[in-house]
Amino acid sequence: MVVAGHEERVITEVAKQLFIGGEWRDPALGATFKVEDPSTGSVLCEVADAGTDDAFAALDAAVRVQPTWAKHPPRERGEILRRAYELLMQRQEDLALLMTLEMGKPVPEAKGEIAYAADFLRWFSEEAVRIEGGFSTAPNGQARFLIMRQPVGPSMLVTPWNFPMAMGTRKIGPAIAAGCTAILKPAQQTPLSALALAQILREAGLPEGVLSVLPTTDAGGVTEPLLRDGRIRKMSFTGSTGVGRKLLEQSSEQVLRTSLELGGNAPFLVFDDADLDAAVEGAMQAKMRNIGEACTAANRIYAQSGIAAEFSRRLSERMGQLRVGRGTEEGVQVGPLIDAKAREKVQHLVDDAVDRGARVMVGGGPDEGAGYFYRPTVLSDVPQEAELSDTEIFGPVAPVITFETEDEALADANDTEYGLVSYVYTSDLNRALRVSERLETGMVGLNQGIVSNPAAPFGGVKHSGLGREGGRVGIEEFLETKYIGIGGVD
Ligand code: NAP
């Protein structure tokens with residue numbers, strides 16, 4: 001342990017056991033694993049390591065409690081979420097520090113994520129009381145249709161390390177609001193935020209057994225037996241497309257309801273007629289939010305030939321001014337990447353682009369320090385064939401590709417199996433709508449560099465996923481529709 005003062009306190013205060021059936025427990029096999037600080041590579045603490053037996057204990061609790069939880073008054077379900085929202089906001093500073101320590105993002109960004117995460121709980125606290133059904137008369141007039149919405153049932157939730165708190169609340173919020181019990185398996189690299197969230201939900205009055213949280217080094221050993229068990233009825237996953245595909249396959253055996261929020265390869269289109277200041281600002285947000293480790297990160301920046309050189313110059317200037325360092329230090333804007341493997345991948349993609357003719361405008365290599373730092377990088381004249389054109393970079397590297405025509409930009413932008421989000425900068429309204437309609441993505445940032453909002457339906461098409469999280473449709477993912485045909489009505 002190399003942490004001190006405030007850092008030590010937030011680490012000490014978070015529970016390190018498994019959260020099963022409303023209580024904190026040691027794992028059946030007594031195992032633990034280490035959680036590291038990616039800015040120093042040092043060990044922060046050890047947490048309990050769940051195995052298959054623990055997973056079944058969590059499942060038993062979820063199944064046992066499901067019928068009573070489904071009947072729990074929606075208003076009270078909403079009030080639990082509302083209290084949890086308030087507790088998250090009251091503890092925003094401590095929770096942000098905890099997240100920075102395990103994940104690396106600068107504290108101000110971590111605070112932003114706590115607010116974003118809390119807002120999912122607030123949004124779904126409001127949705128809990130707006131689950132509506134329907135009533136109608138059959139076309140022949142001889143029957144009535146009563147349509148009701150019911151919780152889908154015990155749900156398996158799997159989340160990634162890049163947004164350790166928000167990816168949890170984006171699933172737990174609608175599950176609780178809909179009346180589903182849930183088991184959360186957080187990412188191995190960032191279990192502390194999820195454990196802190198379980199503590200808060202318990203304090204907010206969540207009945208025992210409604211939620212279990214299982215950090216583990218054996219992701220498959222915890223999730224696969226449950227997905228194949230038959231008692232889990234829903235699988236909701238956020239993470240890479242490869243793992244998502246595997247879980248979708250496993251979910252097919254019991255024909256589970258599935259929601260998948262997968263990888264992205266966002267194109268960021270800047271047309272000659274764009275407000276260049278706004279486009280550079282938007283590119284900084286779309287690229288550098290979360291150190292570039294976001295599914296929504298601008299992965300390919302397409303700049304029209306009239307502004308490409310000036311755009312690259314201005315972007316490079318801004319990127320070159322960013323301060324890299326440990327996320328707990330004052331003024332730091334870019335933290336470390338999550339691990340050595342992530343940094344090697346980023347370096348490989350930069351080297352490949354340069355070998356194919358790209359020019360390094362700024363950055364281009366690792367930064368000093370014991371952690372996995374990488375310098376904010378801008379590459380210009382990137383050929384479309386470069387490997388990073390169809391690989392998620394997941395780091396602070398902005399490749400700029402020059403294009404001539406709208407059709408060419410659209411063809412290149414859509415030339416990927418991913419379809420999460422795209423960004424368009426133009427001041428021509430016709431072009432804005434035309435291009436937005438033709439982009440094959442679930443979301444478009446039109447003259448804005450951030451699309452994430454709890455009140456909006458977040459999600460992708462193609463290999464970027466199935467279903468939506470947030471917005472009015474977010475709760476639908478955790479509800480089934482039942483229709484009751486009423487006969488004998490005169
Ligand atoms: P990942 O490797 O797919 O891991 C995501 C989660 O799946 C982790 O909890 C991981 O556990 C677990 N997992 C890995 N293998 C598994 C298996 N065989 N069975 C069950 N669970 C398994 O992704 P990541 O590296 O953490 O996150 C980055 C990816 O997430 C990127 O592709 C990014 O685009 C995507 N993402 C998408 C969204 C979205 O909303 N579309 C949001 C955020 C991130 P371990 O930690 O133990 O490996």
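Here, a residue counts as near the ligand if one of its heavy atoms lies within 4 Å of it.

**View 1. Who's around the ligand in this predicted model.** There are 30 residues around the ligand. Coming nearest are Thr-159, Arg-170, Ser-240, Leu-262 and Glu-392. Sort the shell by class and you get 15 nonpolar residues, ten polar ones and five charged ones.

**View 2. Polar contacts to ligand oxygens.** Thr-159, already listed with the residues that come nearest, puts a polar backbone atom 2.7 Å from an oxygen atom of the ligand. Trp-161 uses its side chain instead, with a polar atom 3.0 Å from a ligand oxygen. Lys-185 also brings in a polar side-chain atom, and here the gap to an oxygen atom of the ligand is 3.1 Å. As for cover, the ligand taken alone exposes 900 Å², and 87% of that gets buried by the protein.

**View 3. The pocket and the elements around the ligand.** What the ligand sits in is the largest pocket. Helix H6 (166-178), helix H8 (219-229), strand S10 (234-238) and helix H9 (241-252) chip in with at least two shell residues each.

**View 4. The ligand between two domains.** Why does the ligand lie between domain 1 and domain 2? Both of them give residues to the shell around it, so that's where it ends up: domain 1 covers 4-263 + 465-482, and domain 2 covers 266-417 + 421-453.

Note on methods
Residues numbered from 1 in each chain as written. Predicted model: local features only at pLDDT ≥ 70, side-chain atom pairs only at ≥ 80, totals over all residues. Heavy atoms only, no water. Polar contact = N/O pair within 3.5 Å; in protein donor to acceptor, adjacent residues only side chain to side chain. Areas by Shrake-Rupley, 256 points an atom, 1.4 Å probe, with all protein chains shown as cover. 1 Å grid on protein atoms, 1.4 Å probe; cavity = no way out; pocket = protein on both sides within 12 Å on 5 of 7 lines; lining within 4 Å. Sits in = over half its atoms within 2 Å of the grid points. Helix = DSSP H or I, 4+ residues; strand = E, 2+ residues; numbered from the N terminus. Nonpolar A, V, L, I, M, F, W, Y, C, P; charged D, E, K, R; others polar. Domains from an automatic or database assignment.
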